[in-house]
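Please look over the fold of this protein, starting from one residue and working outward. A short report follows the display.

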Amino acid sequence: MKDYETILKKYYKKYLNREPDLNGFRYYLPLLKNGDIDEKTLQNRFIESPEYKINQLTIQYKQSPKVKIEINGKVFLVNSSNNTNFWAQLQLGVWEPETFKIFDIFLDKNHSYVDIGAWIGPTVLYGCQSAKFCYAVEPDPVAFKNLKNNVDLNHQLGSQIKLFTQCITNLSGTTYLTPKNKVGGDSLSSTIFEKSPTSWKVKGITFHQFILDNSIKDCNFVKIDIEGGEFMVLPTMQEFLEKEKPTIHLSLHPPLVEKPDDALKKIYEIISKYDYVYDNKLKNVDKEFILEDDNKDKFFDIVITDKVI
C-alpha cells in the first residue's frame with residue numbers, strides 16, 4: 001500500500017513550498033486512501049489553488065522591478081520589488097475584491113475623494129481613475145516611500161493624485177505613529193499603539209483642518225483604514241459629515257482599542273445619521289448590527305451612505 005502521508009507531504013512541498021496545514025492534510029489524506037482522488041487529481045487541485053498561483057506570480061514579479069496591474073479594466077504600474085506577494089494577490093483578485101467594487105459604485109468623475117491610510121497605493125491608483133481627484137494620506141514613512149514610488153511610475157495619473165505625509169488625528173499637532181512590526185510599511189502602523197523607540201514623530205492634523213488647508217469642496221467619498229485610529233478620528237469629523245454627507249468606507253478594528261464596546265457605540269451614533277449601512281459585500285444591514293457583541297472581537301468593514309444601491 002502506498003504511503004499516502006509521505007506523498008501528500010511531498011505535494012505540499014513541491015507545489016506550495018511548505019509543510020501541510022492540519023486542516024488541509026486531514027481533508028486530502030482520506031480522499032487519497034479511499035481512492036476518491038488519485039495523484040493526478042491531487043496535482044491539479046494544487047496547481048489550480050490560489051496559493052499556488054500567487055506563489056508562481058510572486059516568483060515572476062520578483063524578476064521584474066516594474067509590473068503592470070490590471071483590475072476591472074483599470075491599469076497601473078507598480079514597483080514589485082517591495083510587497084511582491086501582495087501585488088500578486090491583487091493581480092489575481094484575491095486581495096479585497098469587495099473594496100474595488102465599492103469604489104466602482106461610489107466614486108465618480110464629478111467628485112474628489114480622500115484616502116486616509118493609503119498605504120502603498122492600491123486603492124489610490126485604482127480609485128483615482130474613477131474619481132475626479134484623490135487626496136492620499138499616509139504618515140508611515142516606509143509605506144509613503146513605496147506609495148510615492150508607485151505613483152511616480154504612473155505619469156498619466158499623477159495629475160489626479162496628491163500625496164500627504166500628515167496623520168489625520170483628533171487633534172492637530174505633533175503625534176507619534178508606531179509600527180506593529182517595529183519596521184513599518186506593512187499597513188499596520190497606528191497612533192493608538194504605545195509609543196516605543198521605533199515610533200515616528202509625525203505631523204497630526206484634524207480632518208476639518210485638512211479639508212480647509214486643501215480647499216476641498218467636492219469630496220463625496222472618504223476611505224478610512226487606520227488601524228484603530230478611526231475611533232478617535234471619525235467623531236471629530238461630525239460637522240463635515242452632517243454638512244456634506246459623503247459616503248464613508250470605514251475599516252473598523254475594535255480588538256485594537258481598550259474599550260471596544262464604547263468605541264463601537266460612538267461609531268453607531270455617527271452612522272445612525274445616515275440612511276444606509278452596508279457590509280463589505282454591499283449587503284444592506286441594520287445600523288444596530290454594529291453593536292452586536294461578536295463585532296468587538298474582529299476587524300470588519302462597513303459603508304455608510306445616503307445612496308441606495
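Leu250 has a relative accessibility of 0%, so this residue counts as buried. The model is a predicted one. Leu250 sits in strand β10. Setting aside neighbours within four places in sequence, Leu250 touches Ile224, Glu230, Leu234, Ile267, Phe300, Asp301, Ile302 and Ile304. One of these contacts is Phe300. In sequence, Leu250 and Phe300 are 50 residues apart. In space, their C-alpha atoms are 8.5 Å apart.

**The strand around Leu250**

Strand β10 covers residues 247-252. How many of its residues are buried? The count is 6 of 6, and the strand is mostly covered. Both faces are covered. Thr247, His249 and Ser251 lie on one side, and they are buried. Ile248, Leu250 and Leu252 lie on the other side, and they are buried too.

Strand β10 pairs with β9 and with β13. With β9 (residues 219-224), the pairing is parallel and runs over 4 bridges. Here Val222 stands opposite Ile248. With β13 (residues 300-305), the pairing is antiparallel, over 5 bridges. Leu252 has Phe300 of β13 as its bridge partner. Phe300 is also on the contact list of Leu250.

**The sheets**

Strand β10 belongs to an open sheet of 8 strands. The order is β5-β4-β3-β9-β10-β13-β11-β12, and the pairing is mixed. Which strands stand at the edges? They are β5 and β12 (284-285). Each has a single partner strand, so one side of each is left without a neighbour in the sheet. Further along the order, β11 (residues 276-279) pairs with β13 in the antiparallel sense, over 4 bridges. Val277 has Ile304 of β13 as its bridge partner. Ile304 is another contact of Leu250.

Another open sheet has 3 strands, in the order β6-β8-β7. Its pairing is mixed as well. The edge strands are β6 (167-168) and β7 (173-177), and each pairs on one side only. Strand β6 runs parallel to β8 (residues 200-205), joined by 2 bridges. Strands β7 and β8 are antiparallel, with 5 bridges between them. Ile168 has Ile205 of β8 as its bridge partner. Leu177 has Trp200, also in β8.

The strand pairs described above are set out here.

| Strand pair | Sense | Bridges |
|---|---|---|
| β9 and β10 | parallel | 4 bridges |
| β10 and β13 | antiparallel | 5 bridges |
| β11 and β13 | antiparallel | 4 bridges |
| β6 and β8 | parallel | 2 bridges |
| β7 and β8 | antiparallel | 5 bridges |

**Aromatic pairs**

A search of the whole structure turns up 22 aromatic pairs. In one of them, the ring centres of Phe164 and Phe210 lie 4.8 Å apart and the planes meet at 75 degrees, so the pair is edge-to-face. Phe164 is in strand β5 (residues 161-164) and Phe210 is in helix α9 (residues 207-213), so the pair ties together parts that are 46 residues apart in sequence. Strand β5 is an edge strand of the 8-stranded sheet.

Are these two rings in buried or exposed residues? Phe164 has 7% relative accessibility and counts as buried. Phe210 has a relative accessible area of 0%, and is buried. The cut-off for buried is under 20% relative accessible area.

Elsewhere there is an aromatic cluster. Its members are Tyr11, Tyr12, Tyr15, Tyr27, Tyr28, Phe46 and Tyr52.

**The whole chain**

The protein has 12 helices and 13 strands. Its C-alpha trace spans about 75 × 45 × 45 Å along the principal axes. Of its 309 residues, 50% are buried. Take the contacts between residues at least 6 apart in sequence: 64% of them join residues at least 24 apart.

The exposed area is about 15,500 Å². Carbon and sulfur atoms supply 49% of this area. The protein carries 40 positive and 42 negative charges. The mean positions of the two sets are 5 Å apart.

Key. Residues are numbered from 1 along each chain as its sequence is written. This is a predicted model: local features need pLDDT of at least 70, side-chain atom pairs count only at pLDDT 80 or more; totals for chains, interfaces and linings use all residues. Side-chain values use heavy atoms; hydrogens and water are left out. Buried means under 20% relative accessible area, exposed over 50%, partly exposed in between (1.4 Å probe, protein chains only). Two strands pair if DSSP finds at least two bridges between them. Contact means heavy atoms within 4.5 Å. Accessible areas come from the Shrake-Rupley method with a 1.4 Å probe; for residues, only the protein chains shown count as cover. Lys and Arg count as positive and Asp and Glu as negative; His and the chain ends are not counted. The place of a charge is taken as NZ of Lys, CZ of Arg, CG of Asp or CD of Glu. Rings of Phe, Tyr and Trp (its six-membered ring) pair if their centres lie within 6.5 Å; planes under 30 degrees apart count as stacked, over 60 as edge-to-face and the rest as tilted.
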